Amino acid sequence: MDSLLCAADTALRTLFAKPHAMEASPAAPFAETALDPAQKRLSGALMRVNHVGEVCAQALYTAQAAVTRDAQLRRHLLEAAREETDHLAWTQQRLDALGARPSLLNPLWFAGAFALGVVAAKVSDRVSLGFVVETENQVAQHLQGHLARLPADDLASRAVVSRMKDDEERHAASARDAGAMALPAPARVMMKMAAKVMTTTAHYV
């Protein structure tokens with residue numbers, strides 16, 4: 001029951017409350033630069049996609065932590081979720097600064113990621129960790145692509161994305177060290193296809 005209440009609390013805070021970061025945003029040292037309308041729209045769209053990724057991360061880690069019976073793994077997952085809360089807050093701050101909005105489909109993205117987290121964790125902790133590794137690897141690749149697309153003058157957004165990429169790679173390495181099982185190729189392909197649908201849709205909606 002406690003796990004379910006915590007999961008419900010996370011869902012409500014993620015979807016309807018303003019996230020608060022424990023660490024200052026990497027964007028803080030950079031003043032906002034004057035972007036032309038097209039550049040501003042692009043930055044806003046890319047940060048909306050990244051914000052969706054952080055909504056999904058909250059759902060995924062919360063679901064896995066709720067299901068596992070391994071107390072050490074639960075602490076590991078909840079600590080990763082706390083770091084992802086920083087990412088959630090940072091991306092929300094960038095959306096606000098760019099005059100952009102979060103995805104209107106965030107409740108759908110949260111529900112889907114939560115369901116996947118539950119399924120993976122129900123199979124085994126090693127599969128659950130393998131899901132973390134593959135997810136974080138794909139997110140890191142995705143963030144690298146955003147660094148190539150973000151306007152060169154949008155230093156604030158670039159700083160946030162760069163830091164997020166480093167953190168996601170560290171989360172993947174930690175999950176690997178904790179005993180993650182490599183997912184089979186079909187599962188990895190399906191995850192990439194689902195991510196493609198999500199990122200393409202969130203770019204606009």
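User: By class, what does the lining of the second largest pocket have?
Analyst: Six nonpolar, five polar and four charged residues. Ala, Val, Leu, Ile, Met, Phe, Trp, Tyr, Cys and Pro count as nonpolar; Asp, Glu, Lys and Arg are charged; the others, Gly among them, are polar. A pocket here is an open set of points on a 1 Å grid over the protein atoms alone, with protein on both sides within 12 Å along at least five of seven lines; lining residues have an atom within 4 Å of a point.

User: What kind of model is this?
Analyst: This is a predicted model: local features need pLDDT of at least 70, side-chain atom pairs count only at pLDDT 80 or more, and totals for chains, interfaces and linings use all residues. Residues are numbered from 1 along each chain as its sequence is written, and side-chain values use heavy atoms, with hydrogens and water left out.

User: Back to that pocket. Which residues lie nearest its centre?
Analyst: Cys-6, Thr-10, Arg-13, Thr-62 and Leu-78, out of 15 lining residues. Helix H1 (2-16) gives the largest share, six residues. H2 and H3 each supply at least two. Helices are DSSP runs of H or I, at least four residues, numbered from the N terminus.

User: What volume does the largest pocket have?
Analyst: About 1,200 Å³. The second largest has about 290 Å³. A volume is the space filled by probe spheres set on the grid points, which are joined across faces, edges and corners.

User: Which residues are closest to the centre of the largest one?
Analyst: Gln-138, Met-191, Ala-194, Ala-195 and Met-198, of 46 that line it. H5 provides the largest share of the lining, 13 residues. The lining divides into 27 nonpolar, twelve polar and seven charged.

User: How many cavities of 30 Å³ or more are there?
Analyst: One. A cavity is a set of points where a 1.4 Å probe fits but cannot get out. Its lining is Tyr-61, His-76, Ala-80, Val-132, His-171 and Ala-175. H3 and H6 are the elements giving two or more of these residues.

User: New topic: H6. How far apart are its end C-alpha atoms?
Analyst: They are 33 Å apart. That agrees with the expected span, because 23 residues (155-177) at 1.5 Å a residue should cover 33 Å. The expected span is 1.5 Å times one less than the number of residues.

User: Which other helices cover its buried residues?
Analyst: The cover includes H2 (37-67), H3 (71-98) and H5 (125-149). Buried means under 20% relative accessible area, with a 1.4 Å probe and protein chains only; exposed is over 50%, and partly exposed lies in between. Among the buried residues of H6 are Val-160, Val-161, Met-164 and His-171.

User: Which members of the largest nonpolar core touch the most others?
Analyst: Met-47, Val-160, Val-161 and Met-164, in a core of 14 residues. H6 gives the largest share, four residues. Such a core is a set of buried Ala, Val, Leu, Ile, Met, Phe, Trp, Tyr and Cys residues joined through side-chain atoms within 4.5 Å.

User: What does Val-161 touch?
Analyst: Met-47, Asn-50, Leu-143, His-146, Leu-147 and Leu-150, leaving out residues up to four places away in sequence. Contact means heavy atoms within 4.5 Å.

User: And Val-49: buried or exposed?
Analyst: Val-49 counts as buried, because its relative accessibility is 3%. Val-49 sits in H2. Past four places in sequence, Val-49 touches His-142, His-146, Thr-199, Ala-202 and His-203.
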